[in-house]
Amino acid sequence: QVQLVESGGGLVQAGGSLRLSCAASRRTFSIYVMGWFRQAPGKEREFVARISASGGTTYYADSVKGRFTISRDNAKTVYLRMNSLKPEDTAVYYCTAGMRVSTIPGMYDYWGQGTQVTVSS
């Protein structure tokens, strides 16, 4: 079992930046693919970014490419740096872990509780 706890969400003006963090509970954190998804009110959960177990490979949704950066460290934490934020980035952001590389929510095994990001225009 892996517990994930997100932090770093908040209210920011358009064009601003935030960094989300996700702390994992398990020592074997390094074997998991880590990802970030988001869900806006009335919409389905959508893929944002993922990073391989080694940290060597990243992949982004087209909507965030060039603005967001996913990274991970050896201290069981994965980050999502978000720059040039837009009002359409407003959503609850979820951290997730799994054994498979995917952009589909159902392919991930563990989820955090989510952190709200609100971008004002």
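This is a short walk through one sheet, one loop residue and one disulfide. Keep in mind as you look that the model is predicted.

Let us begin with the sheet. Four strands make up an open sheet, and their order across it is 1-3-8-7, with antiparallel pairing. If you are new to sheets, it helps to know that strands of a sheet pair through backbone hydrogen bonds, either parallel or antiparallel. Now look at the two ends of that order. Strand 1 (4-7) and strand 7 (68-72) are the edge strands; each has a single partner strand, so one side of each has no neighbour in the sheet. On average, neighbouring strands of this sheet are turned by 15° against each other, if direction is ignored.

Next, follow strand 7 to its partner. Strand 7 and strand 8 (residues 77-82) run antiparallel and are joined by five bridges. You can pick out a facing pair here: Thr-69 stands opposite Arg-81 in strand 8.

Between these two strands there is a loop, and Asp-73 lies in it. Is Asp-73 buried, partly exposed or exposed? Its relative accessibility is 27%, and because buried means under 20% and exposed means over 50%, Asp-73 counts as partly exposed. Which residues does Asp-73 touch, leaving aside those up to four places away in sequence? They are Phe-29 and Tyr-79. With Tyr-79 there is also a polar contact, in which the side chains of Asp-73 and Tyr-79 are joined at 2.8 Å. For a sense of distance, try finding Val-101 too: Asp-73 and Val-101 are 28 residues apart along the chain, and their C-alpha atoms are separated by 19 Å.

Our last stop takes us back to strand 3, by way of the cysteines. How many disulfides does a search of the whole structure find? The search finds one. Cys-22 and Cys-95 form this disulfide, with their sulfur atoms 2.1 Å apart. The torsion about their S-S bond is about -80°, so the disulfide is left-handed. The pair links distant parts of the chain, since Cys-22 sits in strand 3 (residues 18-24) and Cys-95 in strand 9 (residues 91-98), 73 residues apart. Are these cysteines buried or exposed? Cys-22 has 0% relative accessibility, so it counts as buried. Cys-95 also has 0% relative accessibility and counts as buried.

Notes:
Residues are numbered from 1 along each chain as its sequence is written. This is a predicted model: local features need pLDDT of at least 70, side-chain atom pairs count only at pLDDT 80 or more; totals for chains, interfaces and linings use all residues. Side-chain values use heavy atoms; hydrogens and water are left out. Two strands pair if DSSP finds at least two bridges between them. Axes are lines fitted to C-alpha atoms, for helices over the stretch in contact, and angles run from 0 to 180 degrees between N-to-C directions. Buried means under 20% relative accessible area, exposed over 50%, partly exposed in between (1.4 Å probe, protein chains only). Contact means heavy atoms within 4.5 Å. A polar contact is a pair of N or O atoms within 3.5 Å; within protein, one must be able to donate a hydrogen and the other to accept it, and residues adjacent in sequence count only if both atoms are side-chain atoms. A disulfide is a pair of cysteine sulfur atoms within 2.5 Å.
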